[in-house]
Structure formats: structure tokens, C-alpha cells
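Trainee: Could you take me slowly through a single part of this model, the open sheet, and explain how its strands are arranged and what lies against them?

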Amino acid sequence: MSDMNVAMVERYRNNFLKEVEHNVEEGDWVKMCMQCGVCSGSCPLGPYWDHPPQELFMMIRAGKREEVLTSTSMWMCTSCYNCIVRCPRELPITHIMHGLAHYAKRLGLAPKEQPTFKFSQHFWNNLVKKGRVNELKLGLSLYFMNGLVEGIKTSLNMAGIGLGMLKTKRMSPMEMIGGHSVKDTKGFHAMLKKAEEIEAARVEKYGKGS
Amino acid sequence: MATKEYSFYPGCSSQEGASSSNYLVSVESMCEELDVKLNTIPDWNCCSASIGYCGGGELPRLTLSARNLALSEEHNPGQDVVATCAACWLATRETAERLGEDDDLMAETNQALAEAGLTFKNENKIRHMVEVLIDDFGYEELGKHVKKPLEGIKIAGYVGCQTNRPFGIEGESFENPKYLDKLVETLGAEPVENYEKKVSCCGGALAFSEPEKSQALIKEIIESAYDGGADMIVTPCPVCQMNVEVYQDKINAKYGTKFHIPVTYYSTLMSVAYGRSAKDSALGGQIIRAKQLEDIANK
């Protein structure tokens, strides 16, 4: 268990709802869920969620902390926003799912083998490096995220698609060498570092129970 | 009409050698014909789309978009910010709205931006290119520029998710938006009526991480276009375009279907209808070639 996770368990005891309200993006909306289930029925990957959004909201209120934070469920969100526009109570469900996923990762509880967990982290690392996404490196890092053998298999399997993208100049081998970048990488990195520090301090503060 | 100017956020996928570089080419041609000047935000960065949340917390993600908006305020003062990518538009507009509602987050964002010598004031509107076309021009005006009507082509307007929800286009419903159909009609082509999957999700970024599940969604989007008699599909979103176009062979192999349907951008259609060449319309960017459009462009 990560130190932060221990601190949060200590701090909130049996009040997981409060913990979510304090630490999860848009988490203060969770209590507004009226359990109608429209979100779950509207989700394009609904059948694959162990616990669809409506269920997650009830589990949060019921204090099922570990089940929620270790769940693969919120990593199934495609960000289609169907749930948001259909929710009669106007909960920003998509954002809460992203927020729960991020918080689970922050505490070291997220399922590390879940493919979207990996892809999402790869995407973030990729964009942070130069300020702009390098699609070629992102694609390759994704193919190889399950190891070398698996990576070669996936690459061969996807070769047709890659060739099509290359032929139409929608992919460039040049991205491997330099690649697109913001000019002010120094300012860009300083800015992100600061934002991360401020956010970490906020979570830390709740963790300490001040 | 006088030249219209906008502050332009092109986004990562539009760059040279990236997956929607063809979108940008056709947008530039379309804008030339409409006398629209796009002033690119200098040194813009990635918005983190809707998939950076594992590594990126709320504040770092909001700060990404706030940096673009601060640069826009500084270099393109007073201009509406326009994005062509659905995810860019969504992330940027969400940032402006959330920071507009939360003074603490706004203060924290500006604290981070100060490290890059920037300040965000939240002064301008953030719009999708489709909004510019519909609200600032309107179908009638857009129709006046048509030199080569796209006659005899039946097109399924695949609106997808992120240009439609949660913001959408003013006056359109979330469940059955009609603007693409109207645009198709304006260009002289025939829209597929009642295209059932017009707002269904293609899996978005999860097409990479959950390929089988996403391809099952994409299959239905294409099937429903064929059911409506479509010759091609048109979309306003780079992720929709790519997902629906590039996986057709994979889907055919798995499901025994025979899909081979071009998927274009609205700007591709407009560029061709406005009389621009195949090159200016970026028809070479189609992995599944849009032969009917090539014929019209080469006429």
C-alpha cells in the first residue's frame, strides 16, 4: 500500500464518500446520483463494466473503497459523454470517471494490467515530453506495452494499417528522430511541474487531515 | 463579405505527417474559399484530449488548455478560438468553463502558468469549426460558394460524440443532430435519412487499448451507413474519421463483412464542391479512396 493510501484510509475511516468529495475531480457530485441507471444503459461499453457508473456511485456511498478504486470499470470510459447529457441530475459522470481513475492511480490502487490504464499513462508521458503528441512513438509504445514478443506480433498484425497511414502521409517515420515539439519546452515543463505540485499539496493536505 | 479572422488551435493530429494532416489541408482550402483567416496560436501544446487522465490530474490538464488560451489572448487578442479537432475543442472549452466557475482553480492555474510567463484571463469564446460554418455563415451562404455540386453521391453524416456532446451545436439535439445532413444537402449531395448510428461512439481512444470492443462498435456504425444506402461517410472528428476508415479490413476479416466505404471530413466535401483540386482537398489522404469525389475534383 502506498503511503498516501495509508494516510487516506486513516484520515477518512469509513467515510469514503467524503474522501471522494475532497479528492476526486467533480467528486462532490456523487451524492446527487438518484440511481436511475440511465448512465449505465447509455454507455457504449456498458456490458464490459464490472460496475457501471450508477453502481460505482452507490458503492462509494456504501464505503466500498477498495472495490471501487481497484476496479477496472472507470477505465472502460470512452469519453463519449452520453451519460453526461442524459443524466437527469446533470452529474458530470465522464469527468467523475476520469477523476476516480486518476485518484486510484495516484494511490497506487489502479489495475496496472488494464490496457486503458497503460495507454492513458503512455499518452500522458508522450505529450508531456515535448508538449505535443508524437503519434508514431505513441503507437509503437502501445504495441510493445505487453512486452517484446507481444509487440512484434501486434506490429505485424497492424502493419497493413501502418502502411496505409504511411502511403497517405498520415504517419511519418521522421517522428522517430525529432518529432513535433513546442518551442518553449522549458516554460512548458516548469508550468506542468508547478501544476502537479499544487495539486499534490492539495491532496497531501487532506491526507494529513488538516 | 469581409474577411473573418479567428485564433486557430490546430491540435497534434493535424501536424505534418500526423493522422489528420489531410483534415487541415482541406480546412485551409475551404477557408480560402470562404475568405476566412486562421491565425494559428503560436507555440500551442497538446490539450491531453480525453485520455491523459491517468498521469494527468485535473489541474495539470486544465493548465495545458489554459496555456493555449493564454497564448491566444496574448497574440490573437479579441478573436474567438477555433478548433477543428473535436477533442481539442472539447478539452479547451471545458477548461474555460470550469475555470470560469471556480475562482480557486483559476488562481491555481494562473500560478502554474506564471512559470511560463503567461496569464489566462478567460476572455474569448471557444468554438468548433462547424459552429463557425453554421453560425457565422449559415447554409445559404455556404451554398453560394458551391461550384461543383456533389450530385449523385449519398452520404451518411456520422456526427459521433465529441462535437455533439456535452456541448453540441446550438439548436441541434444530442440524439439526432441534423447539421451534417443539412451541410451534405447544401453541397448538392444526398444525405442518408435516419442514419441510426449517427451519434454512436466509435470507441474513441479505446480503439487502441480495447481494439475488439471498439471494432464491434465501428462495425455497427458502418453497417448502418450501408443500410441507409450510403456511398461514403462524412464526419467532423479526426478520431471518428480514423477509427471508421482504417479498421475496415480488420472488421472484414473478423466478421466476414465486405466493408470498403470512404470516410471523409466535411471540409473534404466542401473543398471539392467549392471547386478545389483533389490535392487541395487532400483526397490523397484517403486510405479508402473517395473515387466519386476524385471524379468531381478532376472534372
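Mentor: Before we look at any pair, it helps to know that two strands are said to pair if DSSP finds at least two bridges between them. In this predicted model, strand E5 (residues 154-157) of chain B and strand E7 (residues 232-235) of chain B meet that condition, because three bridges join them, and they pair in the parallel sense. Within this pair, Ile155(B) stands opposite Met232(B), which belongs to E7(B). In general, the strands of a sheet pair through backbone hydrogen bonds, in either a parallel or an antiparallel way.

Stepping back to the whole sheet, we find four strands of chain B in the order E6-E5-E7-E8, forming an open sheet with parallel pairing. Strand E6 (190-191) and strand E8 (263-265) of chain B stand at the edges, and because each has a single partner strand, one side of each is left without a neighbour in the sheet. Helix H10 (residues 238-246) of chain B packs on this sheet, where the helix touches both E7 and E8 of chain B, and the direction of H10 makes an angle of about 165° with that of E8(B).

Finally, one can follow the chain away from E5, since the loop between E5 and helix H7 (179-186) of chain B contains Pro166(B). The peptide bond that joins Arg165(B) and Pro166(B) is cis, with omega at about 0°.

Technical notes: Residues numbered from 1 in each chain as written. Chains lettered and ligands numbered in written order. Predicted model: local features only at pLDDT ≥ 70, side-chain atom pairs only at ≥ 80, totals over all residues. Heavy atoms only, no water. Helix = DSSP H or I, 4+ residues; strand = E, 2+ residues; numbered from the N terminus. Contact = heavy atoms within 4.5 Å. Axes fitted to C-alpha atoms, helices over the stretch in contact; angles between N-to-C directions.
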